[in-house]
Amino acid sequence: ESARLVVDNDFEIAPVNNRLFGSFVEHLGRCVYSGIYEPGHPEADDEGFRKDVIDLVRELGVTTIRYPGGNFVSGYRWEDGVGPKTARPRRLDLAWHSTETNQFGLHEMVEWLQAVGGNELMEAVNLGTRGLENALDLLEYANVPNGTELSERRRANGADNPFGIKMWCLGNEMDGPWQTGHKNAEDYGTLAASVAAGMRMIDPDVELVVCGSSHHDMDTFGKWEETVLEKTYENVDFISCHAYYHPESQPDGTRDMASFLASGVDMDSFIKDVAAIIDATKARLKSDHDVFISFDEWNVWYINEEPSKSPEGIGNWPEAPKLLEDVYSVADAVVLGDLLITLLKNADRVHAASLAQLVNVIAPIMTEPGGPAWKQTTFYPFALTAHYAKGGMVLEPKLSSGTYETAKYGTVPSVNSVAVRGSDGSITVFATNRSMDVASDFEIKLPEGCGGVAKAQTLHESDMFAANTRNEQNRVVLHNNESVTLDSMSNTVHVTLPPVSWTAVH
Ligand code: AHR
């Protein structure tokens with residue numbers, strides 16, 4: 001089979017917002033405790049931050065970090081996590097049926113981000129068990145320089161300078177019946193509007209994210225966005241989208257890999273649907289203001305399968321249990337690469353995104369308590385895309401490709417692709433071959449005058465279920481794709497995309 005992409009420097013979609021390469025650290029399972037924070041680990045620094053994990057986080061190239069949840073935030077009291085560690089309370093975490101020790105909180109998060117390299121913090125406020133007053137308190141504590149009860153408390157707790165947090169999530173997945181303090185769209189929209197207005201009275205420069213739908217096929221999808229945006233539009237900058245994909249089990253015991261590999265089709269139509277609702281709201285309100293999408297949870301997640309089951313029982317609230325520790329295959333990594341291509345293709349509407357999550361919990365980085373840290377398969381497409389796309393310009397992908405049939409999405413393109421022009425003028429093309437059967441001879445027609453050399457790296461294994469584990473940490477790595485050729489007379493690149501593969505051609 002063959003596929004063809006025409007790249008033209010004049011067809012610009014939008015600059016790549018570096019916030020597209022955000023991730024997410026939730027107090028969930030071992031993401032924080034024995035993930036990024038493990039005092040006593042041989043690699044821990046004086047603060048208890050694992051330096052081996054910090055190195056991998058840097059290599060991954062993530063930007064903004066969303067914190068502290070997730071479902072967790074809907075029962076969280078932020079003040080439990082500040083002040084002397086010995087005085088911090090142990091609390092029930094209802095979202096994950098765990099005990100939260102509060103040994104890691106807002107100050108530790110800010111310090112950890114500094115240690116990583118000055119990454120941006122995207123903080124979520126609790127609109128589940130709490131509301132306006134606590135959100136305002138947290139913003140005062142974090143962003144007011146000094147001279148008030150809460151800003152002085154922050155200074156007494158060791159942070160002289162305000163944290164200057166710009167991006168704030170107005171709750172998390174409030175449309176989800178599983179959410180502590182779940183609300184209907186009317187009630188949530190009214191609350192979010194008052195919280196947004198109040199927060200702006202303290203700090204007019206905050207950028208606020210109102211909750212959209214927890215996934216595209218929520219029963220309330222569409223109507224939720226309409227109602228919530230109608231109430232909050234002028235005071236928010238983003239509406240969130242969340243989406244997780246996994247191959248569904250079929251009656252014969254196999255999984256529907258064909259549909260799974262085309263998950264990007266769903267993400268693309270989700271974004272387009274939400275963009276349409278934003279536009280309709282803007283028109284109805286006769287507004288000049290723009291609202292963008294924050295795709296602030298996305299990934300492959302074998303949801304409702306082990307090891308995602310929460311602990312149970314009134315006497316059983318473990319600390320940092322092993323939860324959501326999915327082990328990712330090559331196929332999972334190809335889907336993750338495809339979802340990133342989809343986010344880039346929509347860079348005009350999606351201005352922020354967070355891979356959920358960062359360490360141990362549905363994560364590209366795994367750790368063993370007291371032991372090593374290693375890369376999952378999904379690390380590779382994320383890191384290379386971030387490396388080449390940050391600071392670039394997305395170019396409209398004029399793509400033709402073969403197709404294949406799926407049970408969920410009908411006929412879909414076998415190849416998905418996007419091109420990014422770097423600030424140095426170089427072009428990088430990201431491509432997936434979703435087909436399980438045939439390789440694709442991929443032709444890229446480059447802009448006039450593109451000389452130089454082409455280099456291609458591919459993630460592919462003959463066994464699409466191959467994965468990296470504690471005992472075989474480098475079973476799956478990127479390989480140079482030796483099939484790549486560049487004909488500088490015709491400005492054309494040819495590269496073979498094996499079945500179920502992800503490739504970056506630079
Ligand atoms: O990322 C895991 C969970 O998925 C988050 O806590 C929640 O927001 C979503 O349902």
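This report describes the domains, one helix pair and a few unusual backbone features of a predicted model.

**Domains and their contact**

The protein is divided into domain 1, residues 17-390, and domain 2, residues 398-505, and the C-alpha centres of domain 1 and domain 2 lie 29 Å apart. To the contact between them, domain 1 contributes 32 residues and domain 2 contributes 34 residues. On the side of domain 1 that touches domain 2, at least two residues each come from α7 (257-261), α8, α9 (330-345), β14 (373-375) and α10 (379-389). Of these elements α9 gives the most, with nine residues. By residue type, this side of domain 1 divides into 19 nonpolar, seven polar and six charged residues.

**The packing of α6 and α8**

Helix α8 (residues 263-284), which is among the elements that supply residues to the side of domain 1 touching domain 2, also packs with helix α6 (residues 223-232). Two packed helices are described by the angle between their axes and the distance between the axes. For α6 and α8 the angle is about 40° and the axes are 10 Å apart, and the two helices are therefore oblique to each other. Their crossing is right-handed. The contact is made by E225, E226, L229 and E230 on the α6 side, and by V274, I277, I278 and T281 on the α8 side. These residues divide into four nonpolar, one polar and three charged.

**Unusual backbone features**

Most residues other than glycine have a negative phi, and most peptide bonds are trans. The table gives the places in this model that depart from that pattern, two of them cis peptide bonds and two of them residues with positive phi.

| Site | Feature | Value | Location |
|---|---|---|---|
| Y67 to P68 | cis peptide bond | omega about 0° | P68 in the loop between β4 (65-67) and β5 (91-93) |
| A356 to Q357 | cis peptide bond | omega near 0° | Q357 in the loop between β12 (350-356) and β13 (365-367) |
| A320 | positive phi | near 40° | loop between β11 (292-300) and α9 |
| I362 | positive phi | about 35° | loop between β12 and β13 |

The loop between β12 and β13 holds both Q357 and I362, so that a cis peptide bond leading into Q357 and a positive phi at I362 are found there. Are the two residues with positive phi, A320 and I362, buried or exposed? A320 counts as buried because it has 23 C-beta neighbours inside 10 Å, and I362 counts as buried because it has 28 C-beta neighbours inside 10 Å.

Notes:
Residues numbered from 1 in each chain as written. Predicted model: local features only at pLDDT ≥ 70, side-chain atom pairs only at ≥ 80, totals over all residues. Axes fitted to C-alpha atoms, helices over the stretch in contact; angles between N-to-C directions. Helix = DSSP H or I, 4+ residues; strand = E, 2+ residues; numbered from the N terminus. Parallel < 35°, antiparallel > 145°, perpendicular 65-115°, else oblique. Left-handed = near helix turned anticlockwise from the far one by under 90°. Contact = placed C-beta atoms within 7 Å. Nonpolar A, V, L, I, M, F, W, Y, C, P; charged D, E, K, R; others polar. Domains from an automatic or database assignment. Buried ≥ 20, exposed ≤ 12 C-beta atoms within 10 Å, placed from the backbone.
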